[in-house]
Amino acid sequence: MTDVAIVGVGCTGFKSVSPEVSYKELMFEAATRAYQDAGNINPRKDIDAFISVAEDYWEGFSIFDEFVPDQLGAVLRQLFTVSGDSIIGLGNAHMLIKTGHFDVVAVESHGKPSDILTLYDIVSFAMDPVFNRPLGGHPFYLAGLEMNRFLFETGNTKEDCAMVAVKNRDNALRNPYAAYGARIDLNDVFCSSPHFYPLNKFDISQPADGGIVIVLASDEVASDLNDCPIWIRGVGWASETPSLESRCFGEAVYAQLSAEMAYKEAKITSPSREIDFAEVDDLFSYKELQHMEAMRLCEVGEAGRLIAEGVTGIDGDLPINTSGGNLGMGWALEASGMQRLLEVVIQLRGDAGERQLADVEVGLAQSWRGIPTATGGTAVLSNC
Amino acid sequence: MSEKIKHFPGEELSGRDIREGKIPCIKHRPNVKYLWSAGIAMSRFVEGMKEGKIIGSKCVKCKRIMVPPRAFCEECFRPVDEYAPVKDTGTINTYSVSYVAGDASRIKEPILVAVIDIDGASKGMGILHLLGEISDWKQIKFGMKVKAVWKPSEEREGSITDIKYFKPFEEV
């Protein structure tokens, strides 16, 4: 069956605000860079299908898909929108190419949260109107509930989570695309204001604007478009129940299921040994640890020890979020997962500059759709 | 209701029953507000509106002059090369007569809507707007010339509604 590779990536970089461009102009820049990177293809004739990953309420439009074609070069062409997460968008592109009907497919995702005046009200609007919404409060208390149960069940600590924030903000200093690089220490995290116990302010990623486009191609054409195609070895996605009253708060079951689906396709049986590095969702600091354990990158209850011992640092045996993660790059709505994927591609190409890892062949990118969802995606990529 | 059955058994529901809470319903009004960055192209357009000008953008490759303006040419997939005003006159491409308001109620004075190919823009490009100063809509013809009627400059705020409507216009 057809193999699928990523042959082009384009990124605008991420910033806390972007008043100088409209969302269309942001997308146009990311697309232009990606098409240039993919052997300077002309989207008007060289791309067979386009997928955008977007959510109407983030954008402020009904039926937002209809506003997408112009800025991607997709007018009068085959296009659809995935309302989910960018790695779920990647899964759709992967499948399109595997049908044999499409050789080159582009996937777009962006976030422009600075355009939304009532960002957290929109998050609340995603909660159940009968059982949850009437209680009021900031929806991120759900992350507090989850973190508390996760720490209780696994024995990981608040200090371990704070170390994630310190590591990822520091990694982001080496990533020119990142919005929130900073040198902070554990005390800064502990002294930042308590937001949703046990979460402090610095445990929570901050909104960022930016866009990413990637170009995928079948093995028949991939090498013509890029000297270093990055192969998609497996993709998975899964959703748990929306019911906050009956979902699993200690474990990230969606991450476990999506990873197992990707591992099966990639023929990975022992992920902690076979995967060289990973980019995992860290919209909240504890999420990095919870996702690592869910995806068998370590044993349950072991993630905290690994970060304390530096194993997940840039110089460690299993580097996690060399990009800075969402804590360092920013929470870019539907593009948050695409940030993870982008870094895996950059590392596997050897283009990561001062944060480049040595001798990496297999990387994992994982996404979560954020509060209040229990949906996520996983992709396993390799450069050989 | 069919000819044979004049009255169904049971009670009919009315909108009032729902409003008065006799039918269990969940009411919620979301707090959803946006402030979109106008960006490169739309900023020029809305600033032009304030000055009583319609701004277009030009792609030197396909030579189109595009209205409304955009920062990139969607046909050639490249950035546009310049922005410039076009005329505030044009011809009617298509039109309709809207007798029904957004809430499905009847409108006493129907709204006349038209797509207007703007003079100076490339063929088939222009503005969707209202028509005014037309006593009988049957006077509207395809290809009819129209001209923008602007609000007084002190009332303009950088919006498409800075043009009140387009009215029939005789070229001299």
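These legends walk through close-up views of a predicted model, beginning with chain A as a whole and ending at its contact with chain B.

**Figure 1. Chain A as a whole, with its 16 helices and eleven strands.** Along its principal axes, the C-alpha trace spans about 55 × 45 × 35 Å. The radius of gyration of chain A is 19 Å, which agrees with the value near 21 Å that a compact globule of 384 residues would have. Buried residues account for 56% of the 384 residues in chain A. Take the contacts between residues at least 6 apart in sequence: 77% of these join residues at least 24 apart.

**Figure 2. Helix 5 of chain A, residues 86-98.** From first C-alpha to last, the 13 residues of helix 5 reach 18 Å, close to the 18 Å expected at 1.5 Å a residue. How many of the residues of helix 5 are buried? The count is ten of 13, so helix 5 is mostly covered. Among the buried ones are A:Gly89, A:Gly91, A:Ala93, A:His94, A:Leu96 and A:Ile97. Just after the helix, look for A:Gly100, which takes a positive phi of about 90°.

**Figure 3. Helix 5 of chain A packed against helix 16 of chain A, residues 336-349.** The two helices pack at an angle of about 65°, and their axes are 7 Å apart. On the helix 5 side, A:Ser86, A:Ile87 and A:Leu90 take part, meeting A:Gly337, A:Met338 and A:Leu341 of helix 16. By type, the residues of this contact divide into four nonpolar, two polar and no charged. A:Ser86, A:Ile87 and A:Leu90 also belong to the buried set of helix 5.

**Figure 4. A:Val105 in the largest nonpolar core.** This core has 147 residues, and A:Val105 and A:Leu216 touch the most other members. Helix 1 of chain A, residues 23-37, gives the core its largest share, eight residues. Leaving aside residues up to four places away in sequence, A:Val105 touches A:Ile47, A:Asp48, A:Ala49, A:Ile51, A:Ala93, A:Leu96, A:Ile97 and A:Leu216. Of these partners, A:Ala93, A:Leu96 and A:Ile97 may be familiar from the buried residues of helix 5.

**Figure 5. A:Ala30 in helix 1 of chain A.** Why does A:Ala30 count as buried? The reason is that A:Ala30 has 26 C-beta neighbours inside 10 Å, and 20 or more are needed for a residue to be buried. Not counting residues up to four places away in sequence, A:Ala30 touches A:Gly10, A:Cys11, A:Thr12, A:Glu108, A:His110, A:Gly211, A:Ile212 and A:Val213. Although A:Ala332 is 302 residues apart from A:Ala30 along the chain, 14 Å separates their C-alpha atoms.

**Figure 6. Helix 11 of chain A, residues 253-266, and what covers it.** Helix 11 has 14 residues and reaches 20 Å from its first C-alpha to its last, close to the 20 Å expected. Its buried residues include A:Tyr254, A:Gln256, A:Ser258 and A:Tyr263. Elements that help cover the buried residues include strand 8, helix 12, helix 13, strand 10 and strand 11 of chain A. Just after helix 11, A:Lys267 takes a positive phi of about 55°.

**Figure 7. The contact between chain A and chain B.** Chain A gives 25 residues to this contact and chain B gives 20. On the chain A side, helix 1, helix 2, helix 4 and helix 6 each give two or more residues. Helix 6 provides the largest share, three residues. The chain A side divides into twelve nonpolar, seven polar and six charged residues.

Key:
Residues are numbered from 1 along each chain as its sequence is written. Chains are lettered from A and ligands numbered from 1 in the order in which they are written. This is a predicted model: local features need pLDDT of at least 70, side-chain atom pairs count only at pLDDT 80 or more; totals for chains, interfaces and linings use all residues. Helices (H or I, at least four residues) and strands (E, at least two) are DSSP runs, numbered from the N terminus. The expected span of a helix is 1.5 Å times one less than its number of residues. A residue is buried if 20 or more other C-beta atoms lie within 10 Å of its own, exposed if 12 or fewer, and partly exposed in between; C-beta atoms are placed from the backbone. Axes are lines fitted to C-alpha atoms, for helices over the stretch in contact, and angles run from 0 to 180 degrees between N-to-C directions. Two residues are in contact if their C-beta atoms, placed from the backbone, lie within 7 Å. Ala, Val, Leu, Ile, Met, Phe, Trp, Tyr, Cys and Pro count as nonpolar, Asp, Glu, Lys and Arg as charged, and the others, Gly among them, as polar. A nonpolar core is a set of buried Ala, Val, Leu, Ile, Met, Phe, Trp, Tyr and Cys residues joined through C-beta atoms within 7 Å. The radius of gyration is taken over C-alpha atoms; the globule rule is 2.2 Å times the number of residues to the power 0.38.
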